[in-house]
Amino acid sequence: MNVATPAIEVRQLRKTYRGTTALDGVDLTVGTGEIFGILGPNGAGKTTTVEIIEGLTSPDSGSVHVLGIDPFADRDALRQVLGAQLQESRLPAKLRVREAVKLYASFYPDPVPVDEMLERVGLTDKRSTPFEGLSGGQQQRLSIALALVGRPKVAILDEVTTGLDPTARRAMWQTILDLRDSGLTVVLITHFMEEAERLCDRVALMRGGRIVATDTTGGIIESTVGGQRVTFDVAGRVPVADLERLPGVTGVEVDGSTVHVLGRGDLVTAITGALHGWGVGYERVRVHQGTLDDAFLQLTGTAAGRTEEDR
Ligand SMILES: Nc1ncnc2c1ncn2[C@@H]1O[C@H](COP(=O)(O)OP(=O)(O)OP(=O)(O)O)[C@@H](O)[C@H]1O
């Protein structure tokens with residue numbers, strides 16, 4: 001990954017649809033050769049952002065550059081470097097797999113040979129199957145083949161593993177990692193936290209048309225939910241101030257007789273040792289490592305997979 005040489009630069013994008021603010025000042029820098037995830041609840045503005053990057057939707061204001069190309073000033077140049085996978089991978093029902101890839105290949109000066117492309121996405125056996133005869137996962141793989149056949153330098157993949165069974169999802173993950181290893185820059189919109197953790201070099205979390213965090217998944221977890229949460233029950237008075245002063249502790253929450261201590265390092269040893277020393281009886285010690293789900297919840301106010309409207 002090389003953030004010093006950005007593949008995509010987005011500055012202060014704003015977009016309103018008839019009174020609905022879809023984007024409210026989005027800034028993004030995607031380095032060349034990284035898998036960059038965009039996460040956020042439904043309606044956060046992810047698709048609008050990538051549609052603007054793809055030159056499909058014009059922003060009200062702000063700027064976008066993909067490898068230095070302005071998508072709105074030079075659409076033809078953009079098409080040669082950017083591979084976009086359609087969110088709704090709709091093709092004519094009767095179009096056969098190989099014909100579809102051949103058609104898309106004809107748009108480019110130096111496409112991947114059609115049969116090689118089919119092999120790469122595991123669709124060789126399905127080359128003569130019409131689009132309507134493909135399973136959801138096969139349709140996803142075909143749409144990736146269509147996005148990649150022109151040898152793009154940047155690929156935008158929008159929810160490519162939605163609807164896939166666990167085996168197909170893992171195969172798709174490997175495909176995406178292989179693409180990154182071959183030098184492609186990948187922007188990945190996903191609702192799956194595990195997918196983001198496994199694939200993405202960095203992620204941006206969106207909420208209400210804004211980016212609320214950009215970092216590695218580990219960095220986001222560390223800076224929002226910290227290392228871990230230790231929960232235990234006490235019979236008597238909770239020594240909140242004393243707990244807050246322990247090394248590594250970043251927060252203490254009390255819920256009746258249940259105490260949650262947030263922090264980093266060897267928290268359990270520090271807490272139990274201190275409680276013994278203070279003569280405070282405790283029981284049922286539980287440790288919860290911070291996850292990307294927790295960070296998502298904290299930063300977006302929404303559980304992963306729920307909508308902004310649900311809040
Ligand atoms: N064509 C449109 N007309 C009107 N409003 C739109 C249009 N496209 C998007 N919006 C609105 O803009 C906001 C952002 O939508 P967007 O599709 O970018 O979100 P998203 O994060 O991609 O959501 P999802 O996870 O559901 O795909 C939403 O409030 C949405 O209703």
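Start with the largest nonpolar core of this predicted model. This core has 69 residues, and the members that touch the most others are Val-101, Ala-145 and Leu-188. Select helix α5, residues 136-148, next: α5 gives the most to this core, with six residues.

Now centre the view on Val-101. Which residues is Val-101 in contact with, leaving aside its neighbours within four places in sequence? Val-114, Met-117 and Leu-118 are among them, and so are Ala-145, Leu-146 and Val-149. Ala-145 therefore appears twice on this stop, as a contact of Val-101 and as one of the core members that touch the most others.

A second core is separate from this one and has ten residues. To find this second core, select Leu-243, Val-252, Leu-267 and Ile-271, which are included in it.

Step back to the whole chain. The protein chain is divided into domain 1, residues 2-218, and domain 2, residues 226-289. Colour the two domains separately; their centres, taken over C-alpha atoms, are separated by 44 Å.

The next stop is the ligand. Select the residues around the ligand: Tyr-17, Thr-20, Ala-22, Gly-40, Asn-42, Gly-43, Ala-44, Gly-45, Lys-46, Thr-47 and Thr-48. Two elements, β2 (20-32) and α1 (46-53), give two or more residues to this shell. Which element gives the most to the shell? That is α1, with three residues. By type, the shell divides into three nonpolar residues, seven polar and one charged.

The last two stops concern the backbone. Most residues other than glycine have a negative phi. Two residues to look at here are Gln-12 and Leu-67.

Select Gln-12 in strand β1, which covers residues 2-17. The phi of Gln-12 is positive, near 50°. Is Gln-12 buried, exposed or partly exposed? Gln-12 is partly exposed, because 13 other C-beta atoms lie within 10 Å, where a buried residue would have 20 or more.

Then move to Leu-67, in the loop between β4 (61-66) and α2 (75-81). Leu-67 is a residue other than glycine with a positive phi, near 50°. Leu-67 counts as partly exposed, because there are 19 C-beta neighbours inside 10 Å.

Key. Residues are numbered from 1 along each chain as its sequence is written. This is a predicted model: local features need pLDDT of at least 70, side-chain atom pairs count only at pLDDT 80 or more; totals for chains, interfaces and linings use all residues. A nonpolar core is a set of buried Ala, Val, Leu, Ile, Met, Phe, Trp, Tyr and Cys residues joined through C-beta atoms within 7 Å. A residue is buried if 20 or more other C-beta atoms lie within 10 Å of its own, exposed if 12 or fewer, and partly exposed in between; C-beta atoms are placed from the backbone. Helices (H or I, at least four residues) and strands (E, at least two) are DSSP runs, numbered from the N terminus. Two residues are in contact if their C-beta atoms, placed from the backbone, lie within 7 Å. Domain bounds come from an automatic or database domain assignment. A residue is near a molecule or strand if its C-beta atom, placed from the backbone, lies within 6 Å of it. Ala, Val, Leu, Ile, Met, Phe, Trp, Tyr, Cys and Pro count as nonpolar, Asp, Glu, Lys and Arg as charged, and the others, Gly among them, as polar.
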